[in-house]
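Thanks for coming. I will go through one chain today, starting with its charged side chains. Please have the sequence and the structure open.

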Amino acid sequence: PCILSLSPTVTITESGGVGARLQALDVSLTNLASNEKFQYTVTGDAVKAQTGTDRIEPRKTLVFQVKIAYPVPCCSPPKLSAVFGFRFQDDKGNALTQDILFAIG
């Protein structure tokens, strides 16, 4: 197989006035041609190692990069569907999740 390298920049903006900690970002890639799935998780600790924090202050922004090496069959460009699932715990102790779906290729 060939390796498709993805390096999206993730920008998270807190808009509700309550800070939170990013617990994890779950990335789920699906090759629409073969229906093969690939799962990848970025922990809050990994984000903290990259940016110095896993915390999003009220009305502030957190920016980091995700590096993913995705195996694909050679000779055919993949059409991918990606879901980025964010897991947070806010300053009030609430667990929050947000999924974002987009197409690649």
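**Salt bridges, rings and two loop residues**

Start at Arg-55, which forms a salt bridge with Asp-91, with the closest N and O atoms 2.7 Å apart. The two partners come from distant parts of the chain: Arg-55 is in strand β5, residues 55-56, while Asp-91 is in the loop between β8 and β9, and 36 residues separate them. I should say now that this is a predicted model.

Is Arg-55 buried or exposed? With a relative accessible area of 18%, Arg-55 is buried, because the cut-off for buried is under 20%. Asp-91 counts as partly exposed, at 46% relative accessibility.

Arg-55 has another partner. Its side chain also meets that of Glu-57 in a salt bridge, 2.8 Å from N to O. Glu-57 is partly exposed, at 37% relative accessibility. Put together, Arg-55, Glu-57 and Asp-91 are linked in a network of salt bridges. In that network, then, a buried arginine has two partly exposed acidic partners, Glu-57 and Asp-91.

How many salt bridges are there in the count? There are four. Besides those of Arg-55, I will show the one between Asp-26 and Arg-87, whose side chains meet at 2.8 Å, N to O. Asp-26 sits in strand β3, residues 20-31, and Arg-87 in strand β8, residues 80-90, so this salt bridge ties together parts that lie 61 residues apart in sequence. Both ends are partly exposed: the relative accessible area is 24% for Asp-26 and 34% for Arg-87.

Now the chain as a whole. It has one helix and nine strands. What is the order of the elements from the N terminus on? The order is β-β-β-β-α-β-β-β-β-β, with the helix after four strands and five more strands following it. Taken along the principal axes, the C-alpha atoms fill a box of roughly 50 × 20 × 15 Å.

Of the contacts with a separation of 6 or more, 67% are between residues 24 or more positions apart. The salt bridge between Asp-26 and Arg-87 spans 61 residues, and the one between Arg-55 and Asp-91 spans 36.

As for the surface, the chain exposes about 6,300 Å², and carbon and sulfur atoms supply 53% of that. Buried residues make up 33% of the 105 residues. On charge, there are 10 positive and 9 negative charges, and their mean positions are 4 Å apart.

Next, the aromatic rings. A search of the whole structure finds three aromatic pairs. I will take two of them, beginning with Phe-38 and Tyr-70. Their ring centres are 5.3 Å apart and their planes are at 75°, so this pair is edge-to-face. The cut-off behind that label is an angle over 60 degrees. Which strands does the pair tie together? Phe-38 lies in strand β4, residues 36-43, and Tyr-70 in strand β7, residues 68-72, so the pair ties together parts that are 32 residues apart in sequence. Both Phe-38 and Tyr-70 are buried.

The other pair is Phe-86 with Phe-88, and this one is stacked: 6.2 Å centre to centre, with 10° between the planes. Phe-86 is buried at 6% relative accessibility, and Phe-88 is buried at 12%. Look back at strand β8 here, as residues 80-90 belong to that strand and Arg-87 lies in it. Arg-87, in contrast to the two phenylalanines, is partly exposed, with a relative accessible area of 34%.

Last, two backbone points. Where does Asn-35 lie? Asn-35 is in the loop between β3 and β4. Its phi is near 65°, a positive value in a residue other than glycine. Asn-35 is exposed, with a relative accessible area of 54%.

Arg-59 also has a positive phi, near 60°, and again the residue is not glycine. Arg-59 is found in the loop between β5 and β6, and its relative accessible area of 56% makes it exposed. Set this beside Arg-55, the arginine I began with, which is in strand β5 and is buried at 18%.

That is what I have for today. I will take questions now.

Technical notes
Residues are numbered from 1 along each chain as its sequence is written. This is a predicted model: local features need pLDDT of at least 70, side-chain atom pairs count only at pLDDT 80 or more; totals for chains, interfaces and linings use all residues. Side-chain values use heavy atoms; hydrogens and water are left out. Buried means under 20% relative accessible area, exposed over 50%, partly exposed in between (1.4 Å probe, protein chains only). Contact means heavy atoms within 4.5 Å. Accessible areas come from the Shrake-Rupley method with a 1.4 Å probe; for residues, only the protein chains shown count as cover. Lys and Arg count as positive and Asp and Glu as negative; His and the chain ends are not counted. The place of a charge is taken as NZ of Lys, CZ of Arg, CG of Asp or CD of Glu. Rings of Phe, Tyr and Trp (its six-membered ring) pair if their centres lie within 6.5 Å; planes under 30 degrees apart count as stacked, over 60 as edge-to-face and the rest as tilted.
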